[in-house]
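Got your viewer open and a selection box ready? Let's take a walk through this one, stop by stop.

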Amino acid sequence: MVIDIEQKSDKEIEIPDNLPVLPVKDIVVFPYMILPLFVGREMSIRAIEYSLNTNRMVLLITQKDLDIESPTIEDLYSVGTVGVIMRMLKLPDGKVKILVRGLSKARALSYSETEPFLKADIEKISEKKPEVLTIEDEAQIRAVKEQLDKTVSLGKIILPDVMGVVEGIEDPGRLADLVASNIGLKTEQAQEILEITDPVQRLKRVSEILGREIELLTVQQKIQSEARGEIDKTQREYFLREQLKAIQKELGEIDERTEEINEFRKKIEDAKMPEKVMKEADKQLKRLEKMHPDSAEAATVRTYLDWLVEIPWSKSTTDSLDIKAAEKVLNDDHYDLEKVKERILEYLSVRKLKEKMKGPILCFIGPPGVGKTSLGRSIARALGREFVRMSLGGMRDEAEIRGHRRTYIGALPGRIIQGIKTAGTNNPVFMLDEIDKIGMDFRGDPSSALLEVLDPEQNYSFVDHYLGVPFDLSKVMFITTGNLVDTIPSPLRDRMEIIYLSGYTTEEKLGIAKNYLIPKQLEEHGISSKILKITDSGLRSIISQYTREAGVRNLEREIANVCRKVAKKIAEGKEKTFVINAQNLHKYLGVPKFLPEEEMEKDEVGVSTGLAWTEAGGDIIYVEATPMRGKGSFTLTGQLGDIMKESAQAALSYVRSRSKTLGIKDDLFSKTDLHIHVPAGAIPKDGPSAGITMATAIASALTGKAVNKNVAMTGEVTLRGRVLPVGGLKEKTLAAKRMGINKVIIPKRNRKDLDDIPKYIKKDMEFVFAETMDDVLKVALKKTNSRKSKKTANSYKSSVRKRALLGG
């Protein structure tokens, strides 16, 4: 509390020219002020003790920075107030409490001492009081008093005693000091007023500050009034709304909120939810009735109810059980793929016999572009169901499958439930693409979440985290797709029926292009089939020389490329009809990108023809074996993989073990280096199926017997000469047929796989079933019954021995 008390003896007090300095924080002391000060700094306590022992006077100067504990001369203002210590009380914690009264302003001219406390030479600042107040001065005094009253009325807290003293002051200087010391000015503003020596100017400055303070208080009061009014308005609206409800209830009328609740109630009834879901929906609807419509919780409940009523709990599509019609749809959309079509027709047949059955969970595995995703659409069309597709590639968050809990802002159901809602039925064909590319991180493991979705024994009560109630997924027909089986977790793989879609053969690609791709691209480019015709030879050239893939995506791109070139020429008005064949294809697509292996012109020694499987289909490979003088080393080239290298070692060991039977001298192996090379060295090669091909090449090279160029072979060889089965027989057989080879040696245990090869491929083909390498060599190596053949073989063996003995 700061009060100015009239001191009659102030004029009689003589102020010395040198006084101890007491730095003060956070306050500016004005003349005629009486205030208590708590002093804790050692230098300040010593200054007080010195003052009490002399004239009890100190110079009170404000610090510029409040955070400085030991201020220097530079940290203090130059103008302060001389004060007299009226009382002093020592406190238990070592601090001192003093009561001081301001006497007069003074300026510190210089500091005579800095230790143990500050002591300064001072100059008293005298103010010239006007003898007679002018009208302007009186008006200014009255204005300041009115402004002070205004601040109090706006909420500024000033003690009544101070207001009483203000009313009795007519001195402009003393009025300015008294008002400035009681309205809570900042230190900088108070110091500015203290340093103004002209009383009238000082009062004007105080008036300016009071004017700004009044503006601030007015705005503050307005803001508080608006906030209070908003609260009052909300309460008033609540009471009015409750009264309106009561009135409408009496009159039988319904408001918008009641209408919304009734609408939700009707939707819940129409949705035909299961009993457990119905209870949850009713519970949430009752909560919504009790909530304020504008609250955040009400919006959350409203969104939740929207999801509940829009999910097709009991809405199903009726399956089209016409087997012939379904077969026609599948054949119209896709060429070949007999196994997949048969599996769908089997499902329809069982569905026709038994109405309630769980949906199958199929997994299509195959290289890109073979039609896995489009096959899902065809299945949905054949069944007469809705189709939903969802990509799992790169998915890492478990919540994508199971949804987010409603406690999170912006929570939504998982994509399974979202897909069901989008389909509008509870039994769509739901395709999960790229199941082999699911990720996993700190947010969870989506593949583990899919275990419940794709398990017929569990998915009848799938619980989404957002919904919190079970949904029956057993009626959904799930179809997953992927490129590789190895990357699918084994528990997930165990829940699916895997159907492999191998790459298309050239004949199949030809049929797909003629029946689907060319008509589609002609329509997309606005070209009539009468204007553009691509012959079979042209299509075969595109397939073999411009694409190398298992599917037909690049084939479709190349056909589209041809259509664009033709469209350009039509637009330029150059020609009217176009026939694309193998001879003029390069004019549209440029030089061929891929060249097939050349057909062997004659039977050769040490060169055998093998069959290989690639993602782009079957292909032939030539294995070359050459003996030369050396110390029995064995060299393999052609960028072969580890498995293929091991097959070559096994083939060599077999030939060595059968050297007597084959007519090879034992010492030939220790004096001869053998080099096996597989051409196209830039292309990595691997796999065990070239085992019998390598063994045949080695046997041919060391016996001098030529290999029949019309014989191709595939199979794995063991050290004992047994021929083991291999895969990809369909593609390999097609590669042999494409090269004009009509005799193929395959493992005997692969005889069963011939049933999967189309008849048009097997036509005019002779299959030799080999159980041991002896069976292979009997067919592959040319017989030497004639004198000419014996002479050739003996000549070759003689040359091999000479190279071994003479150094090549």
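Start by selecting Asp774, which is partly exposed because its relative accessible area is 27%. Keep in mind as you click around that this is a predicted model. Now add Arg658 to the selection: with a relative accessible area of 25%, Arg658 is partly exposed too. Show the side chains, and you'll find a salt bridge between Asp774 and Arg658, with the closest N and O atoms 2.8 Å apart. Where does each partner of this pair sit? Asp774 belongs to helix H27 (residues 773-780), while Arg658 is in the loop between helix H21 (642-657) and helix H22 (659-662). The pair links distant parts of the chain, 116 residues apart.

While you're looking at charged pairs, pick out Glu192, Arg205 and Glu208. Salt bridges that share partners join these residues into one network. How many salt bridges does the count come to? The count is 33, and we'll drop in on a couple more of them.

Next, select Glu69 and Lys25. They form a salt bridge too, and the closest N and O atoms are 3.0 Å apart. Both ends of this one are in loops: Glu69 in the loop between strand E4 (57-62) and strand E5 (79-90), Lys25 in the loop between strand E2 (18-24) and strand E3 (33-39). The two are 44 residues apart, so to speak a link between distant parts of the chain. Glu69 counts as partly exposed at 48% relative accessibility, and Lys25 is partly exposed as well, with a relative accessible area of 32%.

Now move on to Arg265 and Glu289. Their side chains meet in a salt bridge, at 3.6 Å from N to O. Arg265 lies in helix H7 and Glu289 in helix H8 (residues 275-290), so this pair ties together parts that are 24 residues apart in sequence. Color by accessibility if you like: Arg265 counts as partly exposed at 31% relative accessibility, and Glu289 is partly exposed with a relative accessible area of 36%.

Stay on helix H7 (residues 256-271) and click Arg257, which is found there. Is Arg257 buried or exposed? Arg257 is buried: its relative accessible area is 12%, and buried means under 20%. For a sense of scale, draw a distance from Arg257 to Glu549. C-alpha to C-alpha, the two are 62 Å apart in space, and 292 residues separate them in sequence.

Switch to a surface view and select Glu327, Glu338, Glu342 and Glu346. Together they form a negative surface patch. Which helix gives the most to the negative patch? That's helix H11 (residues 338-353), with three residues. Glu327 has its place in helix H10 (residues 323-333), and at 37% relative accessibility Glu327 counts as partly exposed.

Last stop: go back to cartoon and select helix H24 (residues 691-703). Try a quick check of its span. At 1.5 Å a residue, the 13 residues of H24 should span 18 Å, and the end C-alpha atoms are indeed 18 Å apart, which agrees. H24 is mostly covered, with 13 of its 13 residues buried. Then step just past the helix to Gly704, which takes a positive phi of about 80 degrees.

Key
Residues are numbered from 1 along each chain as its sequence is written. This is a predicted model: local features need pLDDT of at least 70, side-chain atom pairs count only at pLDDT 80 or more; totals for chains, interfaces and linings use all residues. Side-chain values use heavy atoms; hydrogens and water are left out. Helices (H or I, at least four residues) and strands (E, at least two) are DSSP runs, numbered from the N terminus. The expected span of a helix is 1.5 Å times one less than its number of residues. Buried means under 20% relative accessible area, exposed over 50%, partly exposed in between (1.4 Å probe, protein chains only). Patches are made of residues with over 30% relative accessible area and no salt bridge: like charges are joined within 9 Å, nonpolar side chains (Val, Leu, Ile, Met, Phe, Trp, Tyr) within 5 Å. Accessible areas come from the Shrake-Rupley method with a 1.4 Å probe; for residues, only the protein chains shown count as cover. A salt bridge is a side-chain nitrogen of Lys or Arg within 4 Å of a carboxyl oxygen of Asp or Glu. Lys and Arg count as positive and Asp and Glu as negative; His and the chain ends are not counted. The place of a charge is taken as NZ of Lys, CZ of Arg, CG of Asp or CD of Glu.
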